[in-house]
Every structure is written in structure tokens, then in C-alpha cells.
Amino acid sequence: MLNLPNILTLSRIFAIPLLAYFLWWPGWEAGYLIAFGLYCLMGITDYFDGYLARTSGTVSKLGIFLDPIADKIMVAAVILVLAAQGVLRGPYVGDMHVIAGLIILMREIAVSGLREFLGPLQVSMPVSKLAKWKTTFQMVALGSLILGQGLPRWAVMLGEVEANVPHTVGLTTLWAAAVLTVITGWDYLRVGLKHMD
């Protein structure tokens, strides 16, 4: 069970508390830059654990179980800590950006419940292309929000508002991910409803 892909997945899980620690201190630019580097490294291991498992023929039940859990825990931890530290805040709508984070978290919980319900029924829920786009926007969003705190002076003027470039990209892609989250979540729910008679 402890092959290289599974070790990479476990390393992601064990790195989550460290990531949360570096995100916990608003105004600590170096900490957020370290967190951004760690976040990128975790994203790289997310790609390589699946790639290595498939190419080396070492796909295991443990890996299939742990990989999506590692992703969901990391996303949830980052969203919660950023929300707690007031990072999910922007011009015009203030902290309403937290709603986008809530939508993503609610969908992750709902889809996990659906998968658990459909598992014993031998019903699979394959990942759609739209869901992959959602994941891409989500990962870019969280990484950009972290980077924006590490580089607070990287800003441009949008009319009369000074906007941090990575932070603005992060908030925009977070909403894009939230919209795709609703669409893909509904697709998964329709599959589940067919088996709830």
C-alpha cells in the first residue's frame, strides 16, 4: 500500500496543517509566499500521484480512497482559513466573496455524500470535463488569493479603486469556480436522484 503515489498523497494530507499555519497570520508576507510555494508543491504532487499510479500500474484502493479526500481537505482548509483571516474580501461587495467559498464547500460535501450513497448501488459518477474546469478555476483561485497576500504591493488602478492583481484574479476565478460548482453539482444530483426511487 505504501507505494510512491500513495506516499505523495499522504504527504499532501500531512502538509495541510503546515499550509494552514502559514496562512494564519495576516500581514506576514513571507509566510504567505511560503504558503504559496507549499500550495504549488501540493498541486504538483496531486498531478504526479495519479500519473505515477496509472503509468506504473500501482493504482490501489487506498490511493483511490485517499486522493479525493486529500484534495477536499486541502481546499476546505484553505477556504476556511482565508475566510477567517478576511482574505475573501474585495471592492464593491466586501466580504460577500465568502459566499463563493461556501458554495464550493457545500458542493464538495454534497457530492461526497452522493458518492457514498451510490457506491453500494454500483453506480459510478465519472468526472466530467466541466468538473475538471471547475477544479482548475478553484486551484487557480486559491493560489492567487494566497499570492496576493504575499505580494500586497502588486496592484493596479481600476477606476478609482486600487486592486491587488493576484487577489483580483483569485476572487474572479473563485466565482467562476462557484458557478461551475453549481452546474456540475446539479449534474451529479440528477444522476443520484434517478437511483433514489
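**Exercise 1. Where is the place of Trp28, and what does the surface look like around it?**

Start with the address: in this predicted model, Trp28 sits in the loop between α1 and α2.

Next, check the exposure. Trp28 has 33% relative accessibility, so it counts as partly exposed. The cut-offs behind that call are under 20% for buried and over 50% for exposed.

Now look at the company it keeps. Trp28 joins Leu18, Tyr21, Trp24 and Trp25 in a nonpolar surface patch of about 530 Å².

**Exercise 2. Describe the largest pocket: its volume, its centre and its lining.**

Volume comes before anything else: the largest pocket holds about 1300 Å³ of space.

Then go to the middle. There are 37 lining residues, and those closest to the centre are Asp46, Asp67, Pro68, Asp71 and Val127.

Which elements give two or more residues to this lining? Run along the chain and you'll collect α1 (4-23), α2 (29-56), α3 (61-84), α4 (98-118) and α5 (129-150).

Finish by sorting the lining by class: 16 residues are nonpolar, ten are polar and eleven are charged.

**Exercise 3. Do the same job for the second largest pocket.**

Its volume is about 170 Å³.

The lining can be named in full: Phe65, Pro68, Ile69, Lys72, Ser112, Arg115 and Glu116.

Now assign those residues to elements. Both α3 and α4 supply at least two of them, and α3 has the largest share, with four.

By class, the count is three nonpolar, one polar and three charged.

One residue is worth a second look: Pro68 lines this pocket, and Pro68 is also among the residues closest to the centre of the largest one.

**Exercise 4. Follow the salt bridge between Asp49 and Arg12, then widen the view.**

Take the distance to begin with. The closest N and O atoms of Asp49 and Arg12 are 2.6 Å apart.

Then place the partners: Asp49 belongs to helix α2 and Arg12 to helix α1, so this pair ties together parts that are 37 residues apart in sequence.

Buried or exposed? Asp49 and Arg12 are both buried.

Now step back. Arg12 and Asp49 belong to a salt-bridge network that also takes in Asp46, Asp67 and Asp71. Three of those names should ring a bell: Asp46, Asp67 and Asp71 are among the residues closest to the centre of the largest pocket.

Across the whole structure, a search turns up eight salt bridges.

**Exercise 5. Which salt-bridge partners does Glu108 have, and how far apart are the atoms?**

With Arg107, the closest N and O atoms are 3.8 Å apart. With Lys134, they are 3.0 Å apart. That second pair links distant parts of the chain, since Lys134 is in helix α5 and Glu108 in helix α4, 26 residues apart.

Now the exposure check. Lys134 counts as buried because its relative accessibility is 3%, and Glu108 is buried too, at 11%. Arg107 is likewise buried.

**Exercise 6. Place Met106 and relate it to Asp67.**

Met106 is found in helix α4. With a relative accessible area of 54%, Met106 is exposed, the cut-off being over 50%.

For the last step, compare sequence with space: Met106 and Asp67 are 39 residues apart along the chain, and their C-alpha atoms are 19 Å apart.

How values were computed
Residues are numbered from 1 along each chain as its sequence is written. This is a predicted model: local features need pLDDT of at least 70, side-chain atom pairs count only at pLDDT 80 or more; totals for chains, interfaces and linings use all residues. Side-chain values use heavy atoms; hydrogens and water are left out. On a 1 Å grid over the protein atoms alone, a cavity is a set of points where a 1.4 Å probe fits but cannot get out, and a pocket is an open set with protein on both sides within 12 Å along at least five of seven lines; lining residues have an atom within 4 Å of a point. Grid points are joined across faces, edges and corners, and a volume is the space filled by probe spheres set on the points. Ala, Val, Leu, Ile, Met, Phe, Trp, Tyr, Cys and Pro count as nonpolar, Asp, Glu, Lys and Arg as charged, and the others, Gly among them, as polar. Patches are made of residues with over 30% relative accessible area and no salt bridge: like charges are joined within 9 Å, nonpolar side chains (Val, Leu, Ile, Met, Phe, Trp, Tyr) within 5 Å. Accessible areas come from the Shrake-Rupley method with a 1.4 Å probe; for residues, only the protein chains shown count as cover. A salt bridge is a side-chain nitrogen of Lys or Arg within 4 Å of a carboxyl oxygen of Asp or Glu. Buried means under 20% relative accessible area, exposed over 50%, partly exposed in between (1.4 Å probe, protein chains only).
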